[in-house]
Amino acid sequence: MNKLYKHSLKIDNRQTMIDITSIIEEDIKNSGVEEGIAIIYCPHTTAGITINENADPDVVRDLIYGFEKVYPTNDKNYKHFEGNSHAHMKSSTIGASQTLIINEGRLILGRWQDVYFCEFDGPRNRTFYVKIMEG
C-alpha cells in the first residue's frame, strides 16, 4: 500500500522552522500502514526539510542564526536577480527531503527529535508531500 499526502503551509515569517511532525503522524495513522517508510519532500528551492531537537525552541533560533552567519541574507556580491541567493544556499544545505522509518504505526524518532519545514524566503505559501510506503 502506498499513499501520497499533500499539505499546504501559509508562512508569515522571512525565515522559520515549522514543526510538521504531528501532520506526518496523522498521515501515517490515516494510511493504516504499520511497517514501512515515510518520505517527506519539499518541492521548493528556497525551503527544506530537516530533523532536529524539539525540546528547546532556542535550537531552532540558533540554527536560523547560524545559517544567517554562513549565508547572510544581504551580501552585495550575490548576483541572482531575485535577491534570495542566501535562501537557495540554506535550502541546499538542509536538503529537500527526509526518509523516516515507520514501526508499529509510528515514526521512529529520537526522544528529542521532530521534523521541521524550513522556510528561508518567506513570507510564502508552501507545499510539502508525505509519501508513505508499506514494507
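**View 1. Asp121 and Arg124 meet in a salt bridge.** In this predicted model, the closest N and O atoms of Asp121 and Arg124 are 2.5 Å apart. A salt bridge here is a side-chain nitrogen of Lys or Arg within 4 Å of a carboxyl oxygen of Asp or Glu. Asp121 is buried, with a relative accessible area of 6%, while Arg124 is partly exposed at 35%. Buried means under 20% relative accessible area, exposed over 50%, and partly exposed in between (1.4 Å probe, protein chains only). Arg14 joins in too: Arg14, Asp121 and Arg124 are linked in a network of salt bridges. The whole structure has 6 salt bridges.

A quick note on reading these views: residues are numbered from 1 along each chain as its sequence is written, and side-chain values use heavy atoms, leaving out hydrogens and water. Since the model is predicted, local features need pLDDT of at least 70 and side-chain atom pairs count only at pLDDT 80 or more, whereas totals for chains, interfaces and linings use all residues.

**View 2. Arg126 sits in strand β8 with charged and polar company.** Strand β8 covers residues 124-134; helices (H or I, at least four residues) and strands (E, at least two) are DSSP runs, numbered from the N terminus. Is Arg126 buried or exposed? At 5% relative accessibility, Arg126 counts as buried. The side chain of Arg126 makes polar contacts with the side chains of Thr46 (2.7 Å) and Glu119 (2.6 Å). A polar contact is a pair of N or O atoms within 3.5 Å; within protein, one must be able to donate a hydrogen and the other to accept it, and residues adjacent in sequence count only if both atoms are side-chain atoms. Glu119 and Arg126 also form a salt bridge (2.6 Å, N to O), and both residues are buried. Arg126 touches further residues, including His7, Leu9 and Phe117; contact means heavy atoms within 4.5 Å, and residues up to four places away in sequence are not counted.

**View 3. Two aromatic pairs bring rings together.** Rings of Phe, Tyr and Trp (its six-membered ring) pair if their centres lie within 6.5 Å; planes under 30 degrees apart count as stacked, over 60 as edge-to-face and the rest as tilted. Phe67 and Phe120 have ring centres 5.9 Å apart and planes at 75°, so this pair is edge-to-face. Phe67 lies in helix α2 and Phe120 in the loop between β7 and β8, so the pair ties together parts that are 53 residues apart in sequence. Phe117 and Phe128 make a tilted pair, 6.2 Å centre to centre with 45° between the planes. Phe117 and Phe128 belong to strands β7 and β8, so their pair ties together parts that are 11 residues apart in sequence. Phe117 is buried at 0%, and Phe128 is buried at 0%.

**View 4. Five strands line up in an open sheet.** The order is β1-β8-β3-β5-β6, and the pairing is antiparallel. Two strands pair if DSSP finds at least two bridges between them. Why is one side of β1 and of β6 left without a neighbour in the sheet? Both strands stand at the edges, each with a single partner strand, so one side of each stays free of a neighbour in the sheet. Strands β5 and β6 are joined by 2 bridges, and Ile102 has Leu107 as its bridge partner in β6.
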